[in-house]
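The following exercises ask the reader to work from a single set of coordinates to reasoned structural statements. Each task is followed by a solution in steps.

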Amino acid sequence: TLRKPISQSSMADWASKNLNMHTQGIFRRRISISNMLSWNGGSIKKPMLITSNRTIKKEACEMFKLVQSYMGDRQTRMDRNHVALVAVTKCWSTQGLRDELYIQLIRQTTDNMCYRSLAWGWELMAISLAFFSPSPKFQSYLEGYIYRHLDSDERIAQHIKELADLKSKKITKSRKKRKQNTEDEGLPISTYAKYCYRKLQKVAITGGKKGLRKPTVEEITHARNAILTPSLFGSSLEEIMLRQQDMYPGNKLPWVQTQLSQQVLALGGEQTEGIFRIPGDIDEVNALKLQVDQWKIPNSLSDPNIPASLLKLWYRELEEPVIPQQFYKECISNYENPDAAVAVVQLLPELNRLVLCYLIHFLQIFAQPSNVSRTKMDVNNLAMVMAPNCLRCQSDDPRIIFENTRKEMSFLRMLIVHLDTSFIKGLV
């Protein structure tokens with residue numbers, strides 16, 4: 001979990017030390033921090049953040065134009081999907097540009113009089129967080145900014161009205177009325193902020209998009225849609241079951257869990273050496289993830305390591321682990337006691353119990369001696385690769401983490417060997 005958001009005074013202190021102060025006018029007067037961090041309709045001539053990197057210095061000014069184009073504040077021939085793709089790809093490829101993009105988005109979503117532009121700025125922030133995290137140095141600042149907008153809708157609407165009133169003398173009544181009508185459209189800013197806050201917490205821990213393939217338009221579209229339609233990855237079990245209610249109302253288990261598990265078996269995973277230990281090609285895994293989030297399983301799969309890797313990722317990215325946090329101590333306290341370990345499973349909430357039992361039933365297939373001789377993945381190896389995806393140690397102490405890792409593995413091993421999961425066959 002992330003630290004408690006930093007205070008506004010701490011954010012101001014951070015800004016004073018890290019902003020690359022701009023100047024204006026013939027006397028090159030320095031712009032104040034508040035103006036540096038307020039919406040700007042013009043261009044910038046140097047980066048927002050202090051840097052000595054020449055590439056960043058050059059690209060930052062172009063990045064600002066892309067931000068303005070996406071938000072509708074600058075004309076462009078590209079559609080917004082491709083504007084986002086260019087911006088995200090630049091930052092994904094050049095790590096030093098990431099904080100620059102986020103600080104530019106903070107600027108352009110502060111004191112912005114146009115609600116549509118404001119919403120699109122937050123939308124681009126949400127899309128960006130699907131691909132890369134800010135640097136550890138900038139993370140607290142971004143988190144503090146997002147946190148201040150979690151319940152900000154009334155304040156934002158009032159602030160926009162006040163800013164508009166200041167300029168109302170220059171705007172005719174008919175134009176002012178049209179402006180207000182357009183500003184009423186779109187999602188509340190708090191919806192974007194809440195999504196960004198959760199996304200920042202995840203991406204700060206798991207990292208962003210991995211692999212060698214650059215971002216695609218399909219991934220940009222998927223990242224935007226995820227703001228309103230939660231992904232099957234990174235959500236809670238309850239959210240996932242709620243999402244599949246219309247398509248698979250009779251399913252008692254998550255569709256993504258059963259489909260990926262069956263794909264591993266259909267491709268001969270139980271006869272594949274190093275299954276679950278050898279990762280699938282990361283770009284292929286990313287492509288499959290995109291398909292699965294659209295409720296599709298492609299027919300072109302041939303390597304069982306691809307669905308196996310994605311299945312591990314699904315367990316690992318669950319908002320709360322399969323074995324909820326309140327049962328963690330009980331699990332590691334009973335890592336050598338088969339009866340007690342099995343008893344813990346019976347105490348879990350019904351959905352968690354079914355999901356865990358399905359996983360154990362699945363692993364028990366691989367633990368059969370006839371399969372182990374081919375996969376070289378015995379019950380100890382299976383427990384080692386799967387335990388981190390089911391149990392999460394909350395301690396920051398390396399010694400406790402190291403000690404608990406052994407206990408987590410032993411607990412899962414107890415379940416693979418001793419838990420009766422025969423009832424699962426009639427459930428699927």
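The exercises below concern a predicted model, and they proceed from the whole chain to individual residues.

**Exercise 1. Overall description**

Task: Describe the secondary structure, extent, burial and charge distribution of the protein chain.

Solution.
- Step 1. Count the elements: the chain contains 21 helices and two strands.
- Step 2. Establish the extent: along the principal axes, the C-alpha atoms occupy a box of roughly 80 × 45 × 40 Å.
- Step 3. Assess burial: of the 428 residues, 49% are buried. The exposed surface amounts to about 21600 Å², and carbon and sulfur atoms supply 51% of it.
- Step 4. Examine the contacts: among those with a separation of 6 or more, 78% join residues 24 or more positions apart.
- Step 5. Locate the charges: there are 58 positive and 43 negative charges, and their mean positions lie 10 Å apart.

**Exercise 2. The faces of helix H1**

Task: Determine how the buried residues of H1 (residues 8-18) are arranged around its axis, and what they pack against.

Solution.
- Step 1. List the buried positions: Met11, Trp14, Ala15 and Asn18.
- Step 2. Project them down the axis: the buried residues fall within an arc of 100°, so they line one face of H1.
- Step 3. Recall the helical geometry: an α-helix has 3.6 residues a turn, so residues three or four places apart point the same way.
- Step 4. Inspect the other side: Ser9 and Lys17 are exposed there.
- Step 5. Identify the partners: the buried residues of H1 pack against H2 and helix H7 (136-147).

**Exercise 3. Nonpolar cores**

Task: Identify the largest nonpolar core, its main contributor and a second core.

Solution.
- Step 1. Size the largest core: it has 64 residues, and those with the most contacts inside it are Phe276, Val292, Trp314, Leu356, Phe411 and Leu415.
- Step 2. Find the main contributor: helix H18 (residues 350-366) gives the most to this core, with 11 residues.
- Step 3. Separate the second core: this set of 63 residues is distinct from the largest one and includes Leu37, Val67, Tyr70 and Val88.
- Step 4. Examine one member of the largest core: beyond residues up to four places away in sequence, Phe411 touches Ile323, Cys331, Asn334, Tyr335, Ala341, Val344 and Leu391.

**Exercise 4. Two loop residues compared**

Task: Classify Met48 and Met78 as buried, partly exposed or exposed, and list their contacts.

Solution.
- Step 1. Place the residues: Met48 is in the loop between helix H2 (33-36) and helix H3 (54-70), whereas Met78 is in the loop between H3 and helix H4 (80-93).
- Step 2. Apply the cut-off for burial, which is under 20% relative accessible area. Met48 has a value of 0% and is therefore buried. Met78, at 35%, is partly exposed.
- Step 3. Set aside neighbours within four places in sequence: Met48 is in contact with Asn18, Leu19, Asn20, His22, Met36, Leu37, Glu100, Ile103, Gln104 and Arg107. Under that condition, Met78 is in contact with Leu66, Val83 and Val86.

**Exercise 5. Positive phi angles**

Task: Examine the backbone and the burial of Asp111 and Trp295.

Solution.
- Step 1. State the expectation: most residues other than glycine have a negative phi.
- Step 2. Read the angles: Asp111 has a positive phi of about 55°, and Trp295 has a positive phi of about 65°. Neither residue is a glycine.
- Step 3. Place them: Asp111 is in the loop between helix H5 (98-108) and helix H6 (115-129), and Trp295 is in the loop between H14 and helix H15 (305-317).
- Step 4. Compare accessibility: Asp111 is partly exposed at 33%, while Trp295 counts as buried at 14%.

**Exercise 6. A contact distant in sequence**

Task: Relate the separation of Arg148 and Gln8 along the chain to their separation in space.

Solution.
- Step 1. Place Arg148: this residue is in the loop between H7 and helix H8 (153-167), and it is partly exposed, with a relative accessible area of 32%.
- Step 2. Compare the separations: Arg148 and Gln8 are 140 residues apart along the chain, and their C-alpha atoms are 9.1 Å apart.
- Step 3. Check for contact: Arg148 touches Gln8, Met11 and Arg155, not counting residues up to four places away in sequence.
- Step 4. Connect with Exercise 2: Met11, one of these partners, is among the buried residues of H1.

Key
Residues numbered from 1 in each chain as written. Predicted model: local features only at pLDDT ≥ 70, side-chain atom pairs only at ≥ 80, totals over all residues. Heavy atoms only, no water. Helix = DSSP H or I, 4+ residues; strand = E, 2+ residues; numbered from the N terminus. Buried < 20%, exposed > 50% of the residue type's maximum accessible area, 1.4 Å probe, protein only. Contact = heavy atoms within 4.5 Å. Areas by Shrake-Rupley, 256 points an atom, 1.4 Å probe, with all protein chains shown as cover. Lys, Arg positive; Asp, Glu negative; His and termini not counted. Charge placed at Lys NZ, Arg CZ, Asp CG, Glu CD. Arc of directions from axis to C-beta. Core = buried A, V, L, I, M, F, W, Y, C linked by side-chain atoms within 4.5 Å.
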